[in-house]
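Q: I would like to take a close look at one part of this model and then see how it sits in the rest. Could you walk me through it in one go?

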Amino acid sequence: MNKKIINFIVTLLFVVLVGYWIYSSVSDEFMKQTGASQRRTVETVAAGYPSGNEEVIEWLKRLEAETSTYRVAFVPELPMPGEKLTSTPQGDSELSSLVSENALDPEFAKGFDNAAYEEIYKSSHNWTVGKNEEQALFFAPAIDMKTHDVEGALVFSFSTDGEQNFMRMMNTLFFCAFVLFAVVIWQLMMSRDPIVGFALAGLFLMTLIFVAYPLFEALRLSFLENGKFSLSTWKTILQSEGYMSALWGSLKLGCWTATFSTIVGFLFAFVVSRTNAPCKKLISTMGVLPVISPPFSLTLSIILLFGNNGLITRWLRVIGLDFSIYGLPGLVLVQTMGMFPIAFLTLGGVLQAIDSTFEEASLNLSASRFQTFSKITFPLAIPGILSAWLLVFTTSLADFANPLLLAGDLKVLSLESYIEVTGMNRLGHGAALSILLLLPTLTAFLAQRFWVAKRSYVTVTGKPSGRITELTTPIVRRILTGIIFAIIIFLIMLYGTIFAGCFVKNWGIDYTFSLENITEAITRSTDALFDTVTLAAIATPIAGIIAMIAALLIVRRKFHGKKLLEMLLMTPFALPGTLLGISYILAFNHAPIILVGTAAIIIINYVIRELPVGIEGGIASLRQIDPSIEEAATDLGADQATVFRTIVLPLVRPAFLSSLSYTFVRSMTAVSAVIFLISARWYHITVLIYNFSENLRFGLASVLSTVLIIIVFGAFGIMRLVVRENSNLTKNVT
Amino acid sequence: MASKSVTFDNIKKIFRDPQSGQDVAAVAGVSFRLEPGELVTLLGPSGCGKSTILRMLSGFEQPTSGKIMIGDNDVTNTPPNKRDTAMVFQSYGLFPHMNVAENVGYGLKLRKIPQNEIDTKVQKFLEMVGLGQMGKRPPSRLSGGQQQRVALARSLIVEPSVLLLDEPLSNLDALLREQMRVEIRRLQKSLGITAMYVTHDRVEAMSLSDRIIVMKLGHIIQIGTPSDIYRDPVDTFVAGFVGKVAFFPCEVKGLSPLRDGRNPSRLATKRWSWPDLSRFLSVNRERVLKTELLRRISISATA
Ligand SMILES: Nc1ncnc2c1ncn2[C@@H]1O[C@H](COP(=O)(O)OP(=O)(O)OP(=O)(O)O)[C@@H](O)[C@H]1O
Ligand SMILES: [Mg+2]
């Protein structure tokens, strides 16, 4: 072991030496080259020195106007060695004052001396000219063409910015190369399976650069003012009524949406799992469907129906009812329709897991159905209900697309931070606001994860009996089913409206049938659609593979910092998209990593955001697979990469596929983060939908929404088909 | 294939318990040597470190200290895929997404052998384990015993120097177990392969092994042939583990020399302390009665 460490250190020292040698020869060569080219410039310029007072002044002026690479000053009479200047320098004022101040400096004396002997001299160190500008100084003789007399000295100064930038780049480059080398050498020499080491190093690097670093940058910027530490951003925000009302707006919206969604979700779950209502399949399907509807689609149809020119608004106006859908009530309605599936899925699982035998026992003890519900079923479901509420609350707070179109006068944080960044160009405020949004989101998320989820009693009871205990009287059942079908019909109406919107000439004004919108939308969105699909298609396999690798390492390997890595990988799941988007533009628009405006920043953002879900799926699926299957492959001679390719990936295929389709769909329907990251070159179709809606081109927006809905449903459909084919395999694995 | 010896030199394996953070010595410094072509069984109660020894030999665990040799090569730091060992797992570890023939041929495929050669060799090995007709089936449609044979064929086909078997028969019913035991022994002998076998079934150990290593709490208590261990266990633990025993707690009052000359010096010169004597007496009933030692030693029962 010690011998190994010594070997490692020796190799590393060798790398450092070689690296330093390359570094110093490259930078020396660069310095020499710039020095030589500057000297040449000095030579040529000095050769053009004209004689005569007027001419010199004229010449100096011309030089100053012509070039910005150097400055010149002219010293008309060379001082005697050790004596002050006898004349005032002419030319560039800052340089002139530097010359007259430092005329006695040995470097200047040397310079004048050289000029007297018709030589060019470069000062051995840089000088500060004017305001904090490091400049290289050259001294050249001013020679009268006719008499060949030295009439004075020309002092040239060159900016050293280029060199400094070059050196900075070299430093970064060599530092990165050194770290990379150290990691690679360490892995190759120390570890028994370097592939795993590289994978781990890669994951750590990825999360540090693309999760931790942007968040840190956002946090840092919110504490900066003019490049210095300051609390002023936060003071402004916390004292401003406008920003605080946005915080309250977000919280209010979150509470209302969470409450309504939980009620609707519970209703759906209860009817499906505790009653003999008809059409349960339909109820279940419609209870999940909205969760995958693309952003803006529900809002769009609400506007089409209830907006200022909406179909239903008109009718209501006729009977004298006037209202505006823009604002809190409209948003709560849209969000509830879009988010109650989260509550339904959570509560459906919870109610199914509660053993019906409890309820049967209660009924047998001649408790009424209502008593059974209120004393048994409901209390048992309370942790699940809290959990559902918190989940919807987080989702509502982070929601960006719906408020964007429907907020009206209501201020919410996600929207405010977007306006600060794109409208006001106040990045610091935007960052601070999105961090402010993170506080309630993260609290609710953590509460759900670690407090409520741990308290659920449902798992304690044995196997679910599979039978259904009817907990409602026929009348109650009919009422509940009635409410549910009303909601379902409303949902179908919303989707139908979008579809109808495609074929109407000008919604709200002219309802004649027309295909114009479709042709126009398709011609105007081809590029954006192509971009969107391309970006999603690139991000999807990357996210899928990385997710499975990360899951494999987390489940099967012991390593230091596992908890940290897990946390970093999972963090983006709890982050509002606006925060992620803002922190990305903050972090990647300056050195050392500049990505703003590229496709890479969007792809990376997709990958980072969708990884957590893929990883969780991978972990759950790997936990079901006997580790000795992988060990058997290793034992037969497969290295880690081969095991991953030939054994792990085929075995976790269902999880892998669903992670793929999830990433694809989420990338196709992204808004909140991607709206900050798009550029003229790389556009996103959801942003286009938003632009169309903003310009009241609802027909075009409807067409694009329909296209997105078709793509999303298609992707999920294909995935389900493929996974079903694999289901006999999954059964065998466990 | 050339069979190789295996040497464990003062091997220790310490696990850190993730909850309490305490160190647990799963293997507390063991040394032994397997001769080429020998089948040695690791025998001991649950948790004594048998699997850990096997996993260190196959490379899945890295010893905390000590040296492992296969033949003349130090393999202590060699990763499992580069070691010349093949393991048969208790749960078989068959690849569920491949059929039987693909399972058996997996190791050959990794070695970049042409497909037609793989096919012939796979067929040969499947016939050797009596599954000649089953190549196209998925492993899930085989019985437990058949799956075990596939696992065995898959390990043997890569011609390892050392075959490792971790309780390979524990998932089978009693009858099948006996059958497979014979089969494994037959294959191991005919291929002349060095084998290490883990079990806590003493009948299995007795009937299968060239030698047995008895372990307890990470230590080796005794190494010997089955009959050595059966007849001359070093202590009550071994005695209790390998045979049906009755223990007679007793106290030594005095000694008289043996008439038939067996172990006279040991009995005569030693002052018998309680553990020694109990070790000597608490062997299985047949032996105690046969050697009639009880009559030569003046003892009185204390209980
Ligand atoms: N990965 C591990 N991490 C921590 N402790 C471990 C690990 N593997 C084994 N141990 C501990 O090491 C000891 C020996 O385990 P080992 O699996 O070798 O026992 P065994 O003799 O094979 O038992 P069995 O007959 O039940 O299979 C046990 O106390 C076990 O808890
Ligand atoms: Mg074991």
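How many bridges join strand 1 of chain B to strand 2 of chain B, and in which direction do the two strands run?

A: Happy to take you through it, with the reminder that this is a predicted model. Strand 1 of chain B, residues 6–16, is joined to strand 2 of chain B by 9 bridges, and the two run antiparallel. One pair to look for on your screen is B:Ile11 with its bridge partner B:Val30 in strand 2 of chain B.

From that pair you can step out to the whole sheet. It is an open sheet of 4 strands in chain B, in the order 2-1-4-5, with antiparallel pairing. Strand 2 (23–34) and strand 5 (73–74) of chain B are its edge strands, each pairing on one side only. In general, the strands of a sheet pair through backbone hydrogen bonds, either parallel or antiparallel.

Next, look for the helix that goes with this sheet. Helix 1 of chain B, residues 50–58, lies across strand 1, strand 2 and strand 4 (65–70) of chain B. Its direction is at about 115° to strand 1 of chain B.

The ligand brings the helix and the edge strand together in one list. Around ligand 1 you will find B:Phe15, B:Val24, B:Ala26, B:Gly44, B:Ser46, B:Gly47, B:Cys48, B:Gly49, B:Lys50, B:Ser51, B:Thr52 and B:His200. Strand 2 and helix 1 of chain B are the elements that give two or more residues to this shell. Helix 1 of chain B gives the most, with 3 residues. By class, the shell around ligand 1 has 4 nonpolar, 7 polar and 1 charged residues.

Now for the chain that holds this part. Chain B has 12 helices and 12 strands. Of its 303 residues, 37% are buried. Among the contacts in chain B with a separation of 6 or more, 69% are between residues 24 or more positions apart.

Chain B also touches chain A, and the contact takes 21 residues from each of the two chains. On the side of chain A that touches chain B, the elements giving two or more residues are helix 23 (627–635), helix 24 (640–651) and helix 28 (698–733) of chain A. Helix 23 of chain A has the largest share there, with 7 residues. That side of chain A divides into 10 nonpolar, 5 polar and 6 charged residues.

Chain A itself has 28 helices and 12 strands. Its radius of gyration is 35 Å, whereas a compact globule of 734 residues would have one near 27 Å. The C-alpha trace of chain A spans about 125 × 80 × 50 Å along its principal axes. Buried residues make up 42% of the 734 residues of chain A. Of the contacts in chain A between residues at least 6 apart in sequence, 76% join residues at least 24 apart.

Chain A has a strand 1 too, and it is worth a visit after the one in chain B. Strand 1 of chain A covers residues 70–75, and 6 of its 6 residues are buried. On one side are A:Tyr70, A:Val72 and A:Phe74, on the other A:Arg71, A:Ala73 and A:Val75, and both faces are covered. Strand 1 of chain A has 6 bridges to strand 6 (residues 150–159) of chain A, running antiparallel. There, A:Tyr70 has A:Phe158 as its bridge partner. Strand 1 of chain A is also joined to strand 2 (residues 90–91) of chain A, by 2 bridges and again antiparallel. In that pairing, A:Phe74 stands opposite A:Gln90.

Two loop residues of chain A round off the tour. A:Glu118 is in the loop between helix 4 (106–116) and strand 3 (121–122) of chain A. Its phi is near 65°, a positive value in a residue other than glycine. A:Glu118 counts as exposed because 12 other C-beta atoms lie within 10 Å. A:Phe296 is in the loop between helix 9 (280–288) and helix 10 (297–306) of chain A. The phi of A:Phe296 is near 75°, also a positive value in a residue other than glycine. A:Phe296 counts as buried because it has 28 C-beta neighbours inside 10 Å.

How values were computed: Residues are numbered from 1 along each chain as its sequence is written. Chains are lettered from A and ligands numbered from 1 in the order in which they are written. This is a predicted model: local features need pLDDT of at least 70, side-chain atom pairs count only at pLDDT 80 or more; totals for chains, interfaces and linings use all residues. Two strands pair if DSSP finds at least two bridges between them. Two residues are in contact if their C-beta atoms, placed from the backbone, lie within 7 Å. Axes are lines fitted to C-alpha atoms, for helices over the stretch in contact, and angles run from 0 to 180 degrees between N-to-C directions. A residue is near a molecule or strand if its C-beta atom, placed from the backbone, lies within 6 Å of it. Ala, Val, Leu, Ile, Met, Phe, Trp, Tyr, Cys and Pro count as nonpolar, Asp, Glu, Lys and Arg as charged, and the others, Gly among them, as polar. The radius of gyration is taken over C-alpha atoms; the globule rule is 2.2 Å times the number of residues to the power 0.38. A residue is buried if 20 or more other C-beta atoms lie within 10 Å of its own, exposed if 12 or fewer, and partly exposed in between; C-beta atoms are placed from the backbone.
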